[in-house]
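Here's a quick tour of the aromatic rings and nonpolar cores in this one. Have a look at the structure first, then read on.

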Amino acid sequence: KAPAPTTPVHPLLSPLTFLLGTWSGTGEGSYPTTDSFRYREELKFGQTGGPFLTFTQRTWSIPANQAMHTESGFIRVFTNGTENWYEMIVSDPTGSAQAYSGTLSGDGKKIEWETTGVAKTAHAKEVNSLKRVWEVSSDSTGRNRLSYEISMAAVGQPLTFHLKALLFSDSVRTIDPNSILVDVREAEDYTREHIPNAINIPLGAFIAGKRGPEENGIKAGDLDRPITIYCGSGFRSGLAVEHLRKEGFRDLRNLGGYQAYKNSQK
């Protein structure tokens with residue numbers, strides 16, 4: 001299957017492109033009215049060519065791996081030519097929808113969001129206001145990470161800490177030496193040229209359950225071991241990452257296309 005065509009990013013989104021892609025990791029939460037808890041999260045930011053980002057978020061409980069919260073929304077950008085404004089709308093199945101105003105700060109990779117309005121359905125719990133802080137940085141290997149903290153005023157409580165998480169980008173340009181490196185291109189492409197130490201599992205075989213040689217392939221016990229996957233463009237590797245995530249693997253990295261990676265190392 002040919003990769004989907006790339007949609008050009010709207011110029012107004014240039015300050016927010018650092019968010020694009022899939023982020024996954026773990027978090028923890030508490031609130032005066034609930035017990036503390038831990039969760040696994042996947043957060044996706046996308047774009048369709050307009051002056052807005054789309055996003056979806058899903059969480060699963062740790063250790064039971066049961067579906068928990070989910071939400072989705074849009075981030076809009078406006079400008080007068082010299083100044084930008086950032087607005088976000090978020091909705092979730094608890095019956096709440098929140099409108100936010102955002103401020104970009106620091107080196108341009110930190111956003112503070114505060115609600116400007118909260119709407120709820122007739123039988124939803126009371127939510128008065130929220131504050132979200134997102135910040136993207138790089139770890140010692142150059143891998144991007146997104147940390148966030150959420151405070152909430154709800155059910156009679158003042159604005160209080162509720163959630164924090166550390167998520168890692170599935171898109172990387174460096175390879176962790178401890179990572180299992182997988183090339184999901186066809187065998188002839190792999191034979192012609194590939195990244196040293198990569199094992200070849202063509203996408204069709206990968207989806208069918210093949211996991212590479214016994215001595216250095218992906219094993220059922222590798223749920224927390226870093227796994228880095230690449231292909232020709234980043235499309236097939238993205239499908240492979242998503243497939244493994246559904247199987248419970250947690251430290252997944254999409255290296256993207258082989259040629260793009262090769263060029264980035266020059």
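Tyr230 and Tyr258 are both buried in this predicted model. What about Trp113 and Trp134, buried or exposed? Those two are buried as well.

Both couples turn up as ring pairs, and the count of aromatic pairs comes to seven. Trp113 and Trp134 make an edge-to-face pair, with 5.7 Å centre to centre and 65° between the planes. Trp113 belongs to strand S7 (residues 110-120) and Trp134 to strand S8 (residues 127-138), so this pair links parts that sit 21 residues apart in sequence. For Tyr230 and Tyr258, the ring centres are 6.0 Å apart and the planes meet at 35°, so that pair is tilted; pairs count as tilted when they are neither under 30 degrees nor over 60. Here the partners are strand S13 (residues 227-231), which holds Tyr230, and helix H4 (residues 258-264), which holds Tyr258, so parts 28 residues apart in sequence get tied together.

The tryptophans have further company: Phe45, Phe55, Trp113 and Trp134 form one aromatic cluster.

Next, arginines over ring faces:

| Arginine | Ring | Distance to ring centre |
|---|---|---|
| Arg40 | Trp60 | 4.3 Å |
| Arg185 | Tyr258 | 4.8 Å |

So Tyr258 shows up twice, since its ring pairs with that of Tyr230 and has Arg185 over its face.

Now for the cores. Which residues have the most contacts inside the largest nonpolar core? They are Leu19, Phe45, Ile75, Trp134 and Tyr148, in a core of 31 residues. Strand S9 (residues 144-154) is the biggest contributor to this core, giving five residues. Leu19 is worth a click: leaving aside residues up to four places away in sequence, Leu19 touches Phe45, Leu53, Ile75, Ile111, Trp134, Val136 and Leu146. There's also a second, separate core of 16 residues, and Ile199, Leu203, Ile227 and Phe249 are among its members.

And how far does the predictor trust all this? The chain has a mean pLDDT of 88, with 95% of its residues at 70 or more. Of the chain's elements, S7 has the highest mean pLDDT (97) and H4 the lowest (79). Residues 1-5 have pLDDT below 50, and this stretch has five contacts in the model beyond near neighbours in sequence.

Methods:
Residues numbered from 1 in each chain as written. Predicted model: local features only at pLDDT ≥ 70, side-chain atom pairs only at ≥ 80, totals over all residues. Heavy atoms only, no water. Phe/Tyr/Trp six-rings, centres within 6.5 Å; stacked < 30°, edge-to-face > 60°. Helix = DSSP H or I, 4+ residues; strand = E, 2+ residues; numbered from the N terminus. Buried < 20%, exposed > 50% of the residue type's maximum accessible area, 1.4 Å probe, protein only. Lys NZ or Arg CZ within 6 Å of the ring centre and 35° of its normal. Core = buried A, V, L, I, M, F, W, Y, C linked by side-chain atoms within 4.5 Å. Contact = heavy atoms within 4.5 Å. pLDDT = per-residue confidence, 0-100.
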